Amino acid sequence: MTGSRTAASFTADDYRARMERAAAAAADAGLAGLLVAPGPDLVWLTGYAPTADTERLTLLVLAPGRDPVLVVPALEAPDAAKAAGAPGLTLRDWTDGKDPYAATATLLDGAGRFGISDNAWALHLLALQSALPGSSYASLTDALPMLRAVKDPAELELLAAAGAAADAAFEEIRTVRFGGRRESEVAADLAGLLLGFGHSRVDFTIVASGPNGANPHHEVGDRVIEDGDMVVLDFGGLKDGYGSDTSRTVHVGAPTDEERRVHDLVREAQEAGFRAVRPGAACQDVDRAARAVIADAGYGEYFIHRTGHGIGVTTHEPPYMIEGEERPLVPGMCFSVEPGVYLPGRFGVRIEDIVTVTEDGGHRFNDTTRELVVVD
């Protein structure tokens, strides 16, 4: 996996195959079809990302046994026609003053149940329901949660490249000064490094120092990082259309014995979660393996989130490594393994890698050291 591929190298045939697979999955789930609004699902299925998500209806209609149709405003049709996946679908444009919902209704089974994008506007869904009062709808995440979960070799290559870029950013950020600087300043450095190493978008740069590290989703602020602080770094975004997400915990100056002990514990838990990755294992097995290490050491109440989440064209998506998720792991699935311990008012530790399921186990897309790094 060299990372030499770019998102632009996906072909019309790639997108055609994805649309066919999605339509077949809808039929298997007992759905009359899928309705896909602008967002990550539309990009993944067609390569089309409208320049603006407006009140004008844009909707991909996928139904078993029928050619895909993209309903699109006439003023945006020229851009839609340039999408890499456009040769595999029919464009049906509509002009202002016309009823796009009536036009869309003719493509649908009036009594059917459809999967619809989670991010579809309520305005559009309610109008479709009004046009087709006998129809019903389910969110795409509920109806087909694994639609994008299993990545093909080209997607794995892009995820590997994104992970390598995030690793390069960490190797650089560990050399900068932390002590005496604000969290926001280090976060800005980190964002600049992600962009410098090829990311087109930075989704988050958590820099959680000292007691702020006990909040897993700490919002970067103006706290001045002090000597003796543990600092949780969690950062990621999109590179060539695919996500990165990694966490490492560093320490400003020499750590205490307890800080080292907790960090070592989280590192052992992260390794246990990784070792649990194999085809056929349940998603919850990864969570159980990591959580057991922390619970057995007496810190179970301080591990307060799931062990992992999927990643692909978004940085958070199914599958989720959490108790109760019995779905089996399949080669090509990609997700984070990120246990943590959070001691209120004191400090936190999190270590996170993106992992893909292979034919005989798992493979990490992040390779930076998981040992406690001491920074200035």
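Mentor: A cavity, on a 1 Å grid over the protein atoms alone, is a set of points where a 1.4 Å probe fits but cannot get out; a pocket is an open set with protein on both sides within 12 Å along at least five of seven lines; and a lining residue has an atom within 4 Å of a point. This is a predicted model, in which local features need pLDDT of at least 70, side-chain atom pairs count only at pLDDT 80 or more, and totals for chains, interfaces and linings use all residues. Residues are numbered from 1 along each chain as its sequence is written, and side-chain values use heavy atoms, with hydrogens and water left out.

Trainee: How many cavities of 30 Å³ or more does the structure hold?

Mentor: There are 2 cavities of 30 Å³ or more. A volume here is the space filled by probe spheres set on the points, with grid points joined across faces, edges and corners. The largest cavity has about 80 Å³, and the second largest about 40 Å³.

Trainee: What makes A37 and W121 part of the lining of the largest cavity?

Mentor: Each has an atom within 4 Å of a cavity point, so both count as lining. Other residues of this lining include P38, D53 and L128. P38 and D53 also appear in the lining of the second largest cavity, along with P73 and E76, among others.

Trainee: Which classes of residue line the largest cavity?

Mentor: The lining has 8 nonpolar, 3 polar and 1 charged. Ala, Val, Leu, Ile, Met, Phe, Trp, Tyr, Cys and Pro count as nonpolar, Asp, Glu, Lys and Arg as charged, and the others, Gly among them, as polar. For the second largest cavity the division is 4 nonpolar, 2 polar and 3 charged.

Trainee: What is the volume of the largest pocket?

Mentor: The largest pocket holds about 330 Å³ of space. It is lined by 17 residues, and those closest to its centre are I206, P216, H217, D234 and H316. By class, this lining has 5 nonpolar, 6 polar and 6 charged residues.

Trainee: And which residues lie closest to the centre of the second largest pocket?

Mentor: The second largest pocket has about 270 Å³. D41, D118, T141, R148 and P318 are the closest to its centre, out of 16 lining residues. Strand β11 gives the largest share of that lining, 3 residues; strands (E, at least two residues) and helices (H or I, at least four) are DSSP runs, numbered from the N terminus.

Trainee: What makes the peptide bond between P318 and P319 cis?

Mentor: Its omega is about 5°. P319 is in strand β11. In general, most peptide bonds are trans.

Trainee: Why is D240 called partly exposed?

Mentor: Buried means under 20% relative accessible area and exposed over 50%, with partly exposed in between (1.4 Å probe, protein chains only). D240 has 28%, so it falls in between. D240 lies in the loop between β8 and β9, and has a positive phi of about 50° although it is not a glycine.

Trainee: How do you know that the charged end of R18 sits over the ring of F10?

Mentor: The rule asks for NZ of Lys or CZ of Arg within 6 Å of the ring centre and within 35 degrees of the ring normal. R18 is 4.5 Å from the centre of the F10 ring, so the distance satisfies the rule. R291 lies over the face of F303, at 3.9 Å from the ring centre.
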